[in-house]
Amino acid sequence: MSKGYNFAYLDEQTKRMIRRAILKGVAIPGYQVPFASREMPLPYGWGTGGIQVTASVIGPNDVLKVIDQGADDTTNAVSIRRFFARTAGVKTTERTSEASLIQTRHRIPEQPLKEGQILVYQVPIPEPLRWMEPRETETRKMHALAEYGVMHVKLYEDIARFGRIASSYNYPVLVHGRYVMAPSPIPKFDNPKMDRMPALQLFGAGREKRIYAVPPYTSVKSLDFEDHPFEVQRWDKPCELCGASDTYLDEVITDDQGARMFVCSDSDACQERQKGAA
Amino acid sequence: MNFVPAPGFADPVMDATAMFRAVLAAMAHPGRVVDLPVATQAPLPLGGGLGALLLALADRETPLWLAPDMASADVTAWIGFHAGASVIQDRGQAVFALADKAEALLPLDAFSVGMPEYPDRSATLIVKVASLGEGTGLLLRGPGIAETARLEVGGVPKIFWQARDELSPLYPLGIDLILCAGAKIAALPRTTMVEI
């Protein structure tokens, strides 16, 4: 563990401020709590919000897993995992089942999470209404009044133009029947996993200075219409590495002749399945 | 001034971290009785458990209101020395409120319930109760609870639960509650529906 820094990098005053925001977030599911986001030793867009939430939550006995688009071995995941190994001295893992704390960029692990685990999302744009209404004062009022007509109009316009709801990631959800929430840019394939998840879900947006949360066993409903119900992506073929047909697949270009393959985005789930088959 | 305050956390960083995780577990699972990992030697009527909660959560940015049954010179001095939080008289401005007995917090609507645009700007009430136990007692429903949960709370009169229930139509505005019995806590965020 590095000397010269406080445990988990942040100072205690900052952690208390973030912890208070997290507790209010848990008490008001889906509501975006403003917080005094600090500058972190990595650029905005690399998980400054998630890292601050993780730093405020993590304890010496936690086992940390970090994923970036489902993978444990990409730059963002490796550097954040190493950051906490150095500043907090915690154990790290790539196994979903062994982790007590999982920081994620844009995926939910395929393996169902258990009660007691905490999932921390890195969020770029926390405000689901932002693309329809750029003014923060207005979106705040819309949330206050639960005035979400504009979001349904957006989804309806998709249907009118494309014949279906075209959003495939960051698909808006309604939390505990009250707040429309951005699930961060996870593929809509992952949305059903959020509903009544036994694990605690925390969201941190560093640049936008917002924290929000979904407590365990909380209703998270993807917005839709009776005649255009919510659907997740499907693929024609199973994963070409592990053969799974029920996971989210990435398209990987394998040469410059246009050859491509579809493989699991969740590297841990894919490897576990390959081991099991071998 | 020859006042020497009793000790706070033995290890301020790790103790605060462990305390926060206990509070987070309680808040994420309303009605679950969680053991406090550390205690302080805070003077009575504050006591070790409430003192530890306070040091984990409060600081100079969080005005506190002490119920009359909690306000004593020793307690105020201890809080001022260890947490740096100011004790205020106007309970409507309080971020945290502490009481030795739940009825000392009434009327609940005198505390801030937040504003429609900012429901987070609401009070968190921390109160001592005689006992906490799972499996019997109040019937709880809401986020954080798989189906229903039962929480036995000793020494809290019915009128307090009625007063809390009267705030529920205000949701998402409301107040959040942390109950403490010795070295055990349970939390009831505003989302939890309580049936007596």
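**Exercise 1. Find out whether A:K24 is buried or exposed, and which residues it touches.**

Step 1. The relative accessible area of A:K24 is 9%. Buried means under 20% relative accessible area, exposed over 50%, and partly exposed in between, with a 1.4 Å probe and protein chains only. A:K24 is therefore buried.

Step 2. Place the residue: A:K24 belongs to helix α1 of chain A, residues 12-27. Helices (H or I, at least four residues) and strands (E, at least two) are DSSP runs, numbered from the N terminus.

Step 3. List the contacts (heavy atoms within 4.5 Å). With neighbours within four places in sequence left aside, A:K24 touches A:V33 in chain A, and B:D120, B:S122, B:A123, B:T124, B:D176 and B:R190 in chain B.

*Note on the model.* This is a predicted model, in which local features need pLDDT of at least 70 and side-chain atom pairs count only at pLDDT 80 or more, while totals for chains, interfaces and linings use all residues. Residues are numbered from 1 along each chain as its sequence is written, chains are lettered from A and ligands numbered from 1 in the order in which they are written, and side-chain values use heavy atoms, without hydrogens and water.

**Exercise 2. State how many disulfides the structure holds, and check A:C242 and A:C270.**

Step 1. A disulfide is a pair of cysteine sulfur atoms within 2.5 Å. Over all chains, the count is 0.

Step 2. For A:C242, the closest cysteine sulfur is in A:C264, at 3.6 Å, which is too far for a bond. A:C242 is buried, at 12% relative accessible area.

Step 3. For A:C270, the closest cysteine sulfur is that of A:C242, at 3.8 Å, again too far for a bond. A:C270 is also buried, with a relative accessibility of 4%.

**Exercise 3. Describe the fold of chain B and decide how compact it is.**

Step 1. Count the elements: chain B has 4 helices and 9 strands. Along the sequence their order is α-β-α-β-α-β-β-β-β-α-β-β-β.

Step 2. Compare the radius of gyration with the globule rule. The radius is taken over C-alpha atoms, and the rule is 2.2 Å times the number of residues to the power 0.38. For the 196 residues of chain B the rule gives 16 Å, and the radius of gyration is 16 Å, so chain B is as compact as a globular protein of that length.

Step 3. Add the interior: 55% of the 196 residues count as buried. Of the contacts between residues at least 6 apart in sequence, 67% join residues at least 24 apart.
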